[in-house]
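Here are some short exercises for getting to know a new structure. Have a go at each task before you read the solution under it.

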Amino acid sequence: MTTAVQKITLSSSRDIPFNKLVLGQSNVRRIKAGVSIDDLAASIARRGLIQSLHVRAVFDADGQETGMFEVPAGGRRYRALEMLVKQKQLAKTAPVPCVVGNSSSAILAAEVSLAENIERAPLHPLDQYRAFKDLLDQGMTEEEIAAAFFISVNVVKQRLKLTTVSPALLDVYAEDGMTIAQLEAFSVGKDHVRQELVWEAIKNNWSKEPYQIRRMLTENTVRVSDKRAVFIGLERYAAAGGEVLRDLFQSDDGGWLQDVALLERLVTEKLQMMAAEIANEGWKWIEVAVSFPYGATNGLRELESTPIDLASDEQATLDALRDEFDKLQTQYEEADELPDDVDQRFGEIETAIKSIEARPVRFDPTEIARAGVFVSVDTDGSLLVERGYVKPEDEAPVTPEGDNDPGIEGSGVSATGSNQRAVITIGGRPVDPDDDEEDGIKPLPDRLIMELTADRTLALRDKLANDPATAFLAVLHKFVRDAFSRYSAQGVAMEVFVRGTVFPVQSEGLRDTIYAHSIQARHEAWEKRLPTDVADLWDALSALTGSEQAELFAHCASLGVNALYERADRCSNGAISTHGVQQRLADADHLARAVGLDMIAAGWRPTVGNYLGRVTKARILEAVREGAGERASQLIDHLKKGDMAKEAERLLADSGWLPEPLRLVDLDVEVADTNAGDDGQALPEFLAGDNDVAAVDQDEKQLDAAE
């Protein structure tokens, strides 16, 4: 015999005048949270009361109903209705939909209030996204949606941004296969196929952080902060059909430019246009590039120029700005902190003064006809024009007397005219082969060592220039080696006569390093102080104070530093020997130790471009192991080489790790005999990792072919 299931009875509902309702003391909500009462009142005024109040009858002392009803569940709705009554938007006797509970029930009113608040399920982000999308499709704007639901426009944009995510990934998220943070990361890109490929690549990894997803989706893009993007401007890029990827869920520094080919074309076109304008000035040649390597002007003669005088009104403006600056400086020199408006005015005055003082210069027209210009993009994205450089082959020969129009012999240019030869060389350094199959610790490629030691040489020059005592000792050391026959003058790091060393191989960003800028600024400062005529040089140097002479001596001596690694080639006829390079590097170590060179303090950091993307996976893991620990290396040992290099860059960013060519050699460490060269000299560790000469030669051939 079956037992009948007892049926439940739902509470009845009815409309009760608002003035018959009172807020129950058993309502559990005490602290403000969620939508404010003001916003809830506005919502009720717009849409009506969507959810009924739960009420119970109020009894008097004799147990008789009083006609009043308390509200144990729905207190915020009651307060919102109360606000509308006070604002005269709702009548006191307006009927309010209510569910009337049983006052004699064993279920306490507090339990009903608690259940209503606890059992309320928030809307799933995907449901919110789809609802917003439906409203958008029906004609509402993002601003109208935000105003209707009392949320910020950015929240609406974030939810609608999920439109860019592949439906397949939305389904994965709906089934709790990924987190909301991971889903948001996928919204950076719009390529659904690419998104799905990235998810397939990482879904089975234990580490699939949102930043990894963003990095993988944007690895073939360019940051908006990149100097090329700043140079052309986002408006021009967008007008040409370029798309900017934005991350609405994190700070993205302006986003990423997706169409790199379009960006490079626009940069080339703008540079060519600017070069064409400069060509009208009559220069013989113009070389154009996004950036030129450090030392690109080595061997070229720089023309003397004369600044164009200020007009009377410009001079008056400049004097007024300087007076105002001096007055403000005097007025606030004792202040601990400047008021915002004063600080802003200081900035405006400094900018205006710099703008006026940046005078155009005048060159000799005859010199212009044989000289050229370098046009590139500066580090801040502005146009960089470096005028007035003469190549050795364009120098004017001695002019015979009586020749009225000698021209420039061998250049095809007359003194009254000019030929333009614009050479556009947009492009960066060749990419080294990326061989994911390399697993062994092989010697570092010669090119990479040369690039690293170019950085070290430049940093060492900058350090030595700020240490006159060590500079004097270094030059004295070289002079003694030259003057006394008992010493060999070969294999030294100080090449004093003074001849600056050219860097035939260098990393792309060498010109923009801190030490490169420091050397250039110091050189230009001395150049302004020294006379243009060599006949006046002796007297000018004699007039310097002792400390000034020492500083200038240190600067000049520093330009002779050569700490470069060079490959001993069979075709060099003995000019570059393995023994000589080893001695030079050892000498450079003594010099670096004397001045306290620290490449990390100098600003060098391991990146994909300058090291990590140029070595084998084993080398990358070794670097992470040394710099960040064994645990960190295990986190990335499963990645492909490209991803491994990028993750290694992040892990090593603040680790202080340096590759072997940039480290100071410990003089107390004995090098094993197995690492000795053919002449018995110990090889640096980074050159002695693998004695398989054939393998090294093969690497070099592959590198040469790539270049």
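**Exercise 1: a sheet of five strands**

Val55 stands opposite Val100 in β5. That pair is a good way in, but some ground rules come first. This is a predicted model, where local features need pLDDT of at least 70, side-chain atom pairs count only at pLDDT 80 or more, and totals for chains, interfaces and linings use all residues. Residues are numbered from 1 along each chain as its sequence is written, and side-chain values use heavy atoms, with hydrogens and water left out.

Task: Work out the order of the strands in the open sheet of five, and find which strands are at the edges.

Solution, step by step:

1. Get the terms straight: strands (E, at least two residues) and helices (H or I, at least four) are DSSP runs numbered from the N terminus, and two strands pair if DSSP finds at least two bridges between them.
2. Start with β3 (residues 53-59), which pairs with β5 in the parallel sense over four bridges.
3. On to β1 (residues 12-17): this strand and β5 (residues 95-101) are antiparallel, with six bridges. Ser13 faces Val99 of β5 here.
4. Go back to β3, which is also antiparallel to β4, over four bridges. Arg56 stands opposite Glu70 in β4. These two strands form a hairpin with five residues between them, and Gly63 in the turn has a positive phi of about 85 degrees.
5. Add β2 (residues 21-23), which pairs in the parallel sense with β4 (residues 65-73) over three bridges. In β4, Val22 has Glu70 as its bridge partner, and Leu23 has Val71.
6. Put it together: the order is β1-β5-β3-β4-β2, with mixed pairing. The edge strands are β1 and β2, each pairing on one side only. From one strand to the next, the twist averages 50 degrees.

**Exercise 2: a sheet of three strands**

Task: In the open sheet of β6, β7 and β8, which strands stand at the edges?

Solution, step by step:

1. Read the order, which is β6-β8-β7, with antiparallel pairing.
2. Pick out the edges: β6 (222-223) and β7 (244-245) each have a single partner strand, so one side of each is left without a neighbour in the sheet.
3. Check one pairing: two bridges join β7 to β8 (residues 256-257), and Leu245 has Trp256 as its bridge partner in β8.

**Exercise 3: the buried side of a helix**

Task: Which residues of α7 are buried, and what do they pack against?

Solution, step by step:

1. Find the buried residues (under 20% relative accessible area, with exposed over 50% and partly exposed in between, using a 1.4 Å probe and protein chains only). In α7 (residues 167-174), Leu169, Leu170 and Tyr173 are buried.
2. Place them around the axis: they cover an arc of only 105 degrees (taken from the directions from the helix axis to the C-beta atoms), which puts them on the same side of α7.
3. Look for the partners, in contact when heavy atoms are within 4.5 Å: they are α4 (125-137), α8 (180-186) and α9 (192-202).
4. Step past the end of the helix, where Asp176 has a positive phi, near 65 degrees.

Key:
Axes are lines fitted to C-alpha atoms, for helices over the stretch in contact, and angles run from 0 to 180 degrees between N-to-C directions.
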